Structure formats: C-alpha cells, structure tokens
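User: Could you take a close look at one helix for me and the turn that follows it? I'd like to know what sits around it and how that part ties into the rest of the fold.

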Amino acid sequence: MSDLSGKPDYRGPAMLTFDNPAAEFDVQIDLRGHSQPIDGVFRWYGRVRPHEALQGFMEAAGSSRKGRLSTDSGDVPVLVSDVDPWGRYRLQGNGMPPYPLEPEEEDPDSGADGVVAPKLESRALERAAALLEPEFRAGAVTTDGYVELLGGTPAPSPTAASRAMNNPLVASIYEKLWRPAGVAMMGVGGLSMSAERAKAVADLRLSGAMSVLDVASGPGNFTRYLSDHLSGDGIAIGFDISEQMIRRAVRDNRGPHAAYMRGDAQSLPFADNTFDAVCCYAALYLMPNPLTVVDELIRVLRPGGRIAIMTSYGRSAAPVKSILGAVSGHIGIRMFDKNQFTSIFETHGMTEIEQEVRGLAQFVSATNSATNAR
C-alpha cells in the first residue's frame, strides 16, 4: 500500500542512514512537498513503505531519529518519526528535497509577457470559493488568504471551551499540545494523532479529485492531511468560526488541495449535495447546537458520499454519566449517548453505518444513500 494517494512528487528507492548507532537501510519512499506561503521555505514530507529491519531499529532507538535520505537526485537531512498503523514511518525535511523540482508553469492565458501562473494555494482558494452558493460568493472576502463570510464579526464565546477556541495562544499550540491533551483526557485508547487521521482518510475513502468539507477545522493540520490524499482538482475546505484558528491555518497549512473559510457551520453556505465527503472531528461537543451542524453536514453531502465524525461519548453507567455530565457542563463540553449519531444517520436513510468507541470518544461514519438526494 503506497503512502500517498494520487501522484506524489517522488516515488521510488532511497537510502536511509543514521549515526549513533550507525545503520543504513535500502527503502522505498513516497514524498511530496510545497513552499510555505509565509516564509517561502520548501517543506517536504512522506512515508517509508513497510520495512521490517527499519522498524526494529526505530523501536530500539526511540520514536524519532534524525538521519540522512539519499536518492539519485540528492542527499539531505531527514527526520524519521511517527509510525502509522500500517508500519510506515513519516519522513520530514526542509529546504531542497531529494528529488528534482519541476519549474513553475506559465499561465497559458497570460500572453507573451510571461506572467507566472497564480500559486497553487491561490488556485485552491478559488476552487473553494467557487463551491459557495451565489449569494454567499457575492459577499465573500478573500484578501487574507481565506474566504471570510462573517464580515470580521467576532465568534461568540459563551463558554470557557469556546473562549479557548478563539484565543490566539490556543490556536498556536492547538495541534501540538491542546488537542492531544484533550484527546488523552477522553481516553482514546492509545490511538495516536497520525492513526486518527489515517482512520479519517479511510472512513471517508478519500482519493482523486474529491471535494471534502472539514467543519471546525481549527488551525488546519487535519484539513491539510486530508488534502494530501487528493489530486487533480480535488479540494479539502477547512471551515471554522474562529478567526484565530483560520488565520493560523492559512499561515501553516495552505496547500495545492487545501483552502479555508470562516463562517457559521449552523448554516453552511453551500447548496445541497455539494461535497463527496464531510467530517467533523473533536468539535461537536464544544458547539452550542451540534445536531443542527450534523444536519447541515448531511444536507451538503452528495448521494453516495461519506460522513465521518469523532466526538465525545458519555458512557452508560449511571454514576460515571452523572460525574461526566457535571464536569463537562461546567466548562461547556457536551457528552453524547452512544446511539445518538447512529440513530440520526439511520433516520436520514444512510447506509454502511460504522461506530467505534474508545474511552470517552466515539468515531461514527456512514454513506449517504443514493435515494437521499434533496
């Protein structure tokens, strides 16, 4: 199984070498990269296909190691880390990648003056904006690198949890500290962040030129990961009401298949049956009207499309449920029953409904019925 769906920038053989202890491995890799729009630094990343000897070395040496990655086109420093459920280790590096970069294409409509085509990130934003219904598109503002649909109006913050989501400090540490801490408290049974993302990709069945909506996308790390499994005109839209989160997403996680919008998920600005896949991970329990948001997700999902959510689970034992309800209610976090979302999906005529419970978290996915068109 390859690491990246679609066509990666490089797929083929490489040599991984390490010092202290010295080791080298002939491996097969998949790599992709992009220039950051803010600092202009080229960042590349990918996976090593399953390799038994490398796995033994990594398990003995620790969770991550710095080494060197060599191909016929270059020899560069690399960080090897974060094994996924299929035994593939993540590769990350900055600067010139170990494969040749294609020159930037010229716009075929630009004429003889050689005007360079718009950046791929800008094209992704244009594709995202094109999915808006006309009345929303007319009032949208994109000057800051994302689609602003609320006219700069601050997001409401009625609870401690919602105030945190609108805090710039939380936005800056969300992916590395805040969300992992929250997931740990929910007891997700040892499911790592990378495994959680891989599960979302599998549950949504992402590939090719799909259109994907990620509601409550935060700083965009999750959206960007989903977008890396698309190709062609595929687009993953990160949608969030927090201006701080969206600005962080634009700074850190734009890409050729990823774009961001700021709006209210209780009234999504898209026509019925717009998206091939929709998801909402680790957010419904923070929302004032989460079931309205779920109805909206289903509304904009095309027949045959996939929906996936990860949210809280209040357990069924009366003492545990009572304690959880008191604590979570105090800080503005909602606990859901086990059958709450499976019942909603069944009511909407959905099929292939799957649920996995891990600690105080539940993962639920389903397919929109072909007869459920609006």
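Analyst: Happy to! Let's start at the turn: glycine 349, just after helix H11, takes a positive phi of about 75°. Helices (H or I, at least four residues) and strands (E, at least two) are DSSP runs, numbered from the N terminus. Before going further, please note that this is a predicted model, in which local features need pLDDT of at least 70, side-chain atom pairs count only at pLDDT 80 or more, and totals for chains, interfaces and linings use all residues. Residues are numbered from 1 along each chain as its sequence is written, and side-chain values use heavy atoms, with hydrogens and water left out.

Now to the helix itself. H11 spans residues 340-347, and its buried residues include Phe341, Thr342, Ile344 and Phe345 (buried means under 20% relative accessible area, exposed over 50%, partly exposed in between, with a 1.4 Å probe and protein chains only). These four lie on the same side of H11, because they cover an arc of only 160° around the axis; the arc is that of the directions from the helix axis to the C-beta atoms. Glu346 and Thr347, on the other side of H11, are exposed.

What lies over the buried side? Among the elements covering the buried residues of H11 are helix H9 (290-299) and strands E12 (301-312), E13 and E14 (361-367).

Those strands lead us to the sheet. E12, E14 and E13 belong to an open sheet of 8 strands with mixed pairing, in the order E7-E10-E9-E8-E11-E12-E14-E13; two strands pair if DSSP finds at least two bridges between them. E13 is one of the edge strands, the other being E7 (147-148), and each of them pairs on one side only. E12 and E14 run antiparallel to each other, pairing over 7 bridges. Alanine 308 is the residue opposite serine 365 in E14.

E13 also brings us to the charged side chains. Side chains of opposite charge can pair when their charged atoms come close. Here the term salt bridge means a side-chain nitrogen of Lys or Arg within 4 Å of a carboxyl oxygen of Asp or Glu, and a search of the whole structure finds 17 of them. In one, glutamate 352 meets arginine 205, at 3.1 Å from N to O. This pair joins distant parts of the chain, 147 residues apart: glutamate 352 is in E13 (residues 351-358), while arginine 205 is in the loop between helix H6 (193-204) and strand E8 (211-215). Arginine 205 is partly exposed at a relative accessible area of 42%, and glutamate 352 is partly exposed at 42% as well.

Another salt bridge joins glutamate 356 and arginine 358, with 2.6 Å from N to O. Arginine 358 is partly exposed at 24%, and glutamate 356 is partly exposed at 26%. Both take part in a salt-bridge network with Lys199 and Asp203. For a buried example, look at aspartate 228 and arginine 224, whose closest N and O atoms are 3.3 Å apart. Aspartate 228 has 10% relative accessibility, and arginine 224 has 6%.

Further along the sheet lies the nonpolar packing. A nonpolar core is a set of buried Ala, Val, Leu, Ile, Met, Phe, Trp, Tyr and Cys residues joined through side-chain atoms within 4.5 Å. The largest one has 58 residues, of which Leu213, Val215 and Phe270 touch the most other members. Strand E11 (residues 275-281) is its biggest contributor, with 6 residues. If neighbours within four places in sequence are set aside, the contacts (heavy atoms within 4.5 Å) of leucine 213 include Phe275, Ala277, Val278 and Cys279, as well as Leu297 and Val300.

One last check you may like at the bench: the search of the whole structure finds 0 disulfides, a disulfide being a pair of cysteine sulfur atoms within 2.5 Å. For cysteine 279, the closest cysteine sulfur is that of cysteine 280, 7.4 Å away and therefore too far for a bond. Cysteine 279 is buried at 0% relative accessibility, and cysteine 280 is also buried at 0%.
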